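Hi,

Here is the structure I said I'd pass on. Have a look at it first, then read my notes below.

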Amino acid sequence: MQYDHILIRYGEIALKGKNRKQFITKLQENIRHKLKAFPNVKVKRTQGRMFVLLNGHDPDEVMDKCQQVFGIQSLSLAIKMENEEEAIKEAALFALINADDVKTFKITVKRIDKDFPIRSQDMNKVLGGHLLSNTEGYTVDVHHPDVEIKVEIRTEATYITSSVRPGLGGLPVGTAGKSLLLLSGGIDSPVAGYLAMKRGVEIEAIHFHSPPFTSERAKQKVLDLAEQLTQYGKKVRVHVVPFTKLQQEIFREMPEAYAMTIMRRMMFRISEAVCKQESILSMTTGESLGQVASQTMESMNTINEVTNYPIIRPLVAMDKDDIIKISHQINTYNISIRPYEDCCTVFVPKSPKTRPRREKVNQFEGQHDFSSSLEEAINGIEVIELTDDAATTTEFDDLL
Ligand code: ATP
Ligand code: MG
């Protein structure tokens, strides 16, 4: 006997009607994609659950992969048996003997198939008795057992599980539309992308690159970050914007104290143009309130004036420590701290306005025509598609 299935539980409580169906279909599709390196596995669904048939593949390897898929609440190794008393007894005994470091146990039977002749309570006793009389050194503890052996008697079969591993939670990527992630080489924006994905959002990325002030390595760093994010969402297309000319023009033509604000407004204008081209309905940034000069309330108000697209800011109320913690968990931290300059660190005004007012900024922008440089930047965009084939895998334990 062996564990031949993985039982996948998803939180469906908040989902109704059409959403629920879409959730389940996407989840199944995303699990299948994640397990594409295991040719024999089958991903099946039954009422309220999903199952992975291992067909000989290593259970732990497959579990690790499943633990990176958003939308899974928890998962367990399971043995599938026919709905027959002796077979179930045998499997429950196997589950107990194969659980590590266990002295006390509890059996929980759930009889979903009402044609099965023994009621849940009675079956609990039958199985408990069977385990006690066929082993030594174990006792029953219904309150704090070392292991809970769950027996689900369903119409098609009975599933026996012991340990439960947590999943990532969230919603399956692809159920919440697409967002354009403004991806710098910093610590914050990859984390923002990860958290948006956790709510089911599919990500495309945009990066503003200013060669020769920013190097090829700075660009590669951003591509490496995007590749890391593909672990959670199959692929990420990165739009690399040639930003040098526009940036130089801003710093030449605009008052230095306002250059940062105006540069950010240009980023949003270009990002919105890309959204329109690609039919993307929102943008996501790594902004966190009060972190730097451009992230004060006044700054956000003035920068945000140029677009009425929704801007998702998953980090807006988070502390830096917590953001850093997540960046370690998703393996982006070590990429983010590579020392290559980003366009915003190269062009830094000595004393940027921390409270730039809309009226002032509009007045300055009105004194110069940026349209041809803006257009040039948009027309010069290079699109690079990254897939999860090369992304390194995060150990799931790090994610908790
Ligand atoms: P990060 O760690 O993400 O770089 P930050 O704390 O450095 O954030 P800012 O430099 O103010 O903050 O940038 C705020 C946000 O603007 C970033 O999180 C990112 O979403 C976007 N952004 C900044 N620079 C770029 C860039 N060169 N390309 C694309 N997006 C950028
Ligand atoms: Mg930055």
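Which element gives the most to the lining of the largest cavity? That would be α6, with 4 residues. Bear in mind that this is a predicted model, so everything here is computed from it.

Some background on the cavities: searching the whole structure turns up 3 of them at 30 Å³ or more. The largest holds about 110 Å³ of space. Besides α6 (216–233), α1 (17–34) also gives two or more residues to its lining. There are 13 lining residues, and Asn 30, Val 69, Tyr 232, Gly 233 and Lys 234 are the ones nearest the centre. By type, the lining splits into 4 nonpolar, 6 polar and 3 charged residues.

Why does this cavity lie between domain 1 and domain 2? Because domain 1 (5–166) and domain 2 (178–395) both give residues to the lining.

Now for the cores. In soluble globular proteins, nonpolar side chains tend to be buried together. In this model, the largest nonpolar core has 49 residues, and those touching the most other members are Ile 6, Ile 8, Ile 31, Leu 35, Val 52, Val 62 and Cys 66. Helix α3 (residues 85–97) is the top giver to this core, with 8 residues.

Try clicking on Ile 6: ignoring neighbours within four places in sequence, its contacts include Met 50, Phe 51, Val 52, Leu 54 and Pro 59, as well as Leu 75, Ser 76 and Leu 77.

There is also a second, separate core of 33 residues, with Met 254, Tyr 309, Val 361 and Ala 377 among them.

Cheers

Definitions and conventions:
Residues numbered from 1 in each chain as written. Chains lettered and ligands numbered in written order. Predicted model: local features only at pLDDT ≥ 70, side-chain atom pairs only at ≥ 80, totals over all residues. Heavy atoms only, no water. 1 Å grid on protein atoms, 1.4 Å probe; cavity = no way out; pocket = protein on both sides within 12 Å on 5 of 7 lines; lining within 4 Å. Points joined across faces, edges and corners; volume = space filled by probe spheres on them. Nonpolar A, V, L, I, M, F, W, Y, C, P; charged D, E, K, R; others polar. Domains from an automatic or database assignment. Core = buried A, V, L, I, M, F, W, Y, C linked by side-chain atoms within 4.5 Å. Buried < 20%, exposed > 50% of the residue type's maximum accessible area, 1.4 Å probe, protein only. Contact = heavy atoms within 4.5 Å.
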